[in-house]
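Trainee: Got a minute to go through this one with me? I'd like to start with the overall fold and then get into the side chains.

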Amino acid sequence: MKNKMTPYLFIFPALLLLFIFSIFPIILSMIISLTDMSLKGLADYSKINFIGIKNFQKILMDPVFLTSIKNTLFYVFIGVPLVLCLSMAVAILINMGENRYFRFMRLVFYAPSITNIVAVSIVWMFIFNPTTSIGILNRFLSIFNVQPIGWLTDVKFSKIPLIILAVWKGIGINMLIFSAALQNIPNSIYEAADLDGATLWQQIIYITIPSLKFSTFFVLVTTLIGWLQFFEEPFVMTKGGPLNSTMSISLFLYKNGFQLNNFGYAAAGSLILFVVIIFATIIQMKIQNRENIGSY
């Protein structure tokens, strides 16, 4: 009996933390989404009214929320492939080197991932400032007689700086994941490819990249979840403007929940985002499972 209970005792602390910090908040969010909870409700629970699915009906008709969905999908479709491809490319290039310079470059690319987003955003706001007197990028473009561009004030360009910043920050941690996976590829495979006359490019295409498929799947899932929850960059740099052109779903939820105090409304939006993330993850897992079955 003791031997049967031992595994459960070991996993109990992890399950307890999972329930407290993951499952319980989700259940609580479901309950709140069915109410009109606000600051008054927090002060006096008797003022919280059950309103059913009205929050969901309202938020799905909210033009700002619909705009935030479009913006978030734009971030995902542009940002995820960029982070995935660039982090893999950087990892492969660094792995080719054998001296200290390449080990130092690993640190250089990883540093943005652990840099404070607020401090970094201030620097990036100087770079993308719309004036030529302060904005470094516009000053550089003025050399080629390009008129100043409102990188953070024009709806046509406002998403670009946020994506560049997020990609710059996201490469480092994923590069380390790919680097660790590259260490597990046997050198004998490359040696055999050399003997068969395979070029370096052919080795990368037919050996390296296929060998990274499990790491690629992990990076793809985690990166997709991160970009669906895109928050810090628009919050710090644009506050969702101009004209909600950079408003993400997470920023929309933050504004409604913590600035407008519409907790029930924000909870309904968070559940919609939760369902989207779960749905996207399940699709990727099914695709991965089909590829694994097909490879046997």
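Trainee: So how many helices and strands does the protein have?

Mentor: The secondary structure comes to 14 helices and zero strands. Helices here are DSSP runs (H or I, at least four residues), strands are E runs of at least two, and both are numbered from the N terminus. This is a predicted model, so local features need pLDDT of at least 70 and side-chain atom pairs count only at pLDDT 80 or more, while totals for chains, interfaces and linings use all residues. Residues are numbered from 1 along each chain as its sequence is written, and side-chain values use heavy atoms, with hydrogens and water left out.

Trainee: Which elements have the lowest and the highest mean pLDDT?

Mentor: Helix 2 (residues 39-43) has the lowest, at 74, and helix 4 (residues 63-96) the highest, at 93. pLDDT is the predictor's confidence in each residue, from 0 to 100. The protein averages 87, and 97% of the residues score at least 70. Where pLDDT is low, the predicted coordinates should not be read in detail.

Trainee: OK, and what box do the C-alpha atoms fill?

Mentor: Roughly 80 × 75 × 35 Å, taken along the principal axes. Of the 296 residues, 38% count as buried, meaning under 20% relative accessible area with a 1.4 Å probe and protein chains only; exposed is over 50%, and partly exposed is in between.

Trainee: Now the core. Which residues have the most contacts inside the largest nonpolar core?

Mentor: Phe178, Trp227 and Phe252, in a core of 53 residues. A nonpolar core is a set of buried Ala, Val, Leu, Ile, Met, Phe, Trp, Tyr and Cys residues joined through side-chain atoms within 4.5 Å. Helix 4 gives the largest share of this core, 11 residues.

Trainee: And what does Trp227 touch?

Mentor: Leaving out residues up to four places away in sequence, its contacts include Thr72, Tyr75, Val76, Ile163 and Val167. Contact means heavy atoms within 4.5 Å.

Trainee: Switching to rings: how many aromatic pairs does a search of the whole structure find?

Mentor: It finds 14. One of them is Phe128 with Trp151, edge-to-face at 5.8 Å centre to centre and 70 degrees between the planes. Rings of Phe, Tyr and Trp (its six-membered ring) pair if their centres lie within 6.5 Å; planes under 30 degrees apart are stacked, over 60 edge-to-face, and the rest tilted.

Trainee: Where do Phe128 and Trp151 lie?

Mentor: Phe128 is in the loop between helix 6 (117-127) and helix 7 (136-142), and Trp151 in the loop between helix 7 and helix 8 (159-182), so the pair ties together parts that are 23 residues apart in sequence. Phe128 is buried at 4% relative accessible area, and Trp151 is buried too, at 11%. Trp227 and Phe230 also pair, stacked at 5.1 Å centre to centre with 0 degrees between the planes.

Trainee: Any charges over rings? What does Lys159 sit over?

Mentor: Its charged end is over the ring of Phe74, 5.6 Å from the centre. Lys58 lies over the face of Tyr265, at 5.2 Å from the ring centre. The cut-offs are NZ of Lys or CZ of Arg within 6 Å of the ring centre and within 35 degrees of the ring normal.

Trainee: Last one: is Ser29 buried or exposed?

Mentor: Ser29 counts as buried because its relative accessibility is 14%. It is found in helix 1 (residues 2-33), and its side chain makes a polar contact with the side chain of Ser270 at 3.3 Å. A polar contact is a pair of N or O atoms within 3.5 Å; within protein, one must be able to donate a hydrogen and the other to accept it, and residues adjacent in sequence count only if both atoms are side-chain atoms.
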